[in-house]
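User: Got a minute? I'd like to go over the ligand site in this one.

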Amino acid sequence: MSKKKMKIGILTAGGDCPGLNAAIRGVGKTALLKYGMKIYGFSSGYLGLINKEYRELDEKSLSGILTLGGTILGTSREKPFKHQDYEEFVLSKPERICKNYKKIGLNGLVCIGGNGTMKTAGKLQDMGLNVIGIPKTIDNDVWGTDRTFGFDSAVNIATEAIDRMHTTANSHKRIMVVEVMGHHTGWLALYSGVAGGGDVILLPEIDWDAEVLKEYLTRRSDAGKPYSIVVVAEGIKIASAAGSKKKRESAGAAIAKMIQSMTGFETRETILGYIQRGGAPSPADRVIATRLGAHAAELAAAGDFGKMVAFEGYNLTEVPLHDVAGKTKMVPPDHPLIDEARSVDTCFGDKLPGTD
Ligand code: F6P
């Protein structure tokens with residue numbers, strides 16, 4: 001198939017993040033301008049393929065979106081292989097995707113998303129579609145790549161918020177607990193916690209002990225420190241009362257309540273939430289997204305499908321989609337940044353800094 005006649009579909013799926021439009025632009029402009037391909041953008045993730053909702057992307061639609069937050073295509077958490085609807089339709093959702101892919105005459109499909117999106121992409125490849133994945137997430141938890149766009153922007157946003165906590169904590173002599181996103185991993189808490197000067201950083205990957213927290217925060221107060229900042233990943237383990245039916249409160253609220261009742265220090269929590277996914281991408285994320293997008297278009301032009309584009313250090317590479325499916329990149333407990341943070345007296349809740 002000459003590259004000139006190739007028709008490539010693009011979709012963005014899963015949680016949105018800054019940099020998605022930069023990635024769409026990277027794929028689209030490379031495919032369009034360098035290889036003369038036709039580009040079709042599908043709405044709302046895999047839903048657009050299921051329901052044949054798409055539009056052609058030309059140079060005009062790809063202009064002015066490098067710095068635009070969110071995704072011009074829209075997104076959803078639709079999982080075609082999970083959310084079946086046989087009773088409504090003769091064909092399953094995956095079968096409808098394959099039928100529409102062929103009916104539109106696509107020669108390839110670029111799926112931009114996180115772990116779940118890559119897993120679906122691998123299954124569609126197995127059904128005979130030509131698929132390429134581009135990793136995206138603010139959580140930095142996509143296995144197989146050292147970098148994704150979204151993460152740097154979220155670290156910047158969370159760090160800016162933590163910076164602001166220092167002044168209000170100092171004014172009131174309070175402990176401020178800041179909960180950051182990250183799903184089941186602690187990357188966002190680790191990086192924004194270190195960057196924002198968090199005294200305590202709690203990660204899902206490191207078990208924490210309330211007594212250690214109490215001892216560490218009390219020692220800080222006894223040493224004349226006027227306040228403390230505690231950065232908490234949303235996915236940390238919180239022992240909820242056995243058998244309790246009520247919906248668990250947020251990690252930040254639970255930790256703040258526990259600290260105040262254990263130490264008697266006035267404590268408040270802030271849940272950063274979706275602000276970490278909003279707004280314009282950082283310059284680093286614009287570069288990462290452009291590089292990944294352009295590389296995905298190169299793979300499509302070469303007919304090299306069934307892969308996720310990835311970073312090995314700062315170098316572009318690609319990994320089989322099947323190597324990524326179903327895996328999550330957790331923070332290794334021996335990550336050097338954890339030791340370096342402990343060296344500057346940061347407590348991870350497992351032991352007092354300076355002790356083995
Ligand atoms: O994966 C990105 C993320 O923001 C996670 O950090 C967070 O736990 C989750 O999405 C929130 O999901 P939703 O957007 O469906 O509420």
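User: Which residues surround the ligand?
Analyst: Keep in mind that this is a predicted model. The ligand is surrounded by Arg77, Ile138, Asp139, Met181, Gly182, His183, Glu234, Tyr274 and Arg277.

User: How does that shell divide into nonpolar, polar and charged?
Analyst: Four residues of the shell are charged, three are nonpolar and two are polar.

User: OK, polar contacts. What does the side chain of arginine 77 do?
Analyst: One of its N or O atoms is 2.6 Å from an oxygen atom of the ligand.

User: And how far is the side chain of arginine 277 from a ligand oxygen?
Analyst: An N or O atom in the arginine 277 side chain is 2.8 Å from an oxygen atom of the ligand. Histidine 183 uses its backbone: an N or O atom there lies 3.4 Å from a ligand oxygen.

User: How much of the ligand does the protein bury?
Analyst: The protein buries 74% of the 400 Å² that the ligand exposes when taken alone.

User: Which pocket is it in?
Analyst: The ligand sits in the largest pocket.

User: Switching to domains. What's the assignment?
Analyst: Domain 1 covers 3-150 + 281-324, and domain 2 covers 154-277 + 333-343.

User: Which of them supply the ligand shell?
Analyst: Both do. Domain 1 and domain 2 each give at least three residues to the shell.

User: How far apart are their C-alpha centres?
Analyst: The centres of domain 1 and domain 2 lie 35 Å apart. Eleven residues of domain 1 are in contact with ten of domain 2.

Key
Residues are numbered from 1 along each chain as its sequence is written. This is a predicted model: local features need pLDDT of at least 70, side-chain atom pairs count only at pLDDT 80 or more; totals for chains, interfaces and linings use all residues. Side-chain values use heavy atoms; hydrogens and water are left out. A residue is near a molecule or strand if one of its heavy atoms lies within 4 Å of it. A polar contact is a pair of N or O atoms within 3.5 Å; within protein, one must be able to donate a hydrogen and the other to accept it, and residues adjacent in sequence count only if both atoms are side-chain atoms. Accessible areas come from the Shrake-Rupley method with a 1.4 Å probe; for residues, only the protein chains shown count as cover. On a 1 Å grid over the protein atoms alone, a cavity is a set of points where a 1.4 Å probe fits but cannot get out, and a pocket is an open set with protein on both sides within 12 Å along at least five of seven lines; lining residues have an atom within 4 Å of a point. A molecule sits in a cavity or pocket if more than half of its atoms lie within 2 Å of its grid points. Ala, Val, Leu, Ile, Met, Phe, Trp, Tyr, Cys and Pro count as nonpolar, Asp, Glu, Lys and Arg as charged, and the others, Gly among them, as polar. Domain bounds come from an automatic or database domain assignment. Contact means heavy atoms within 4.5 Å.
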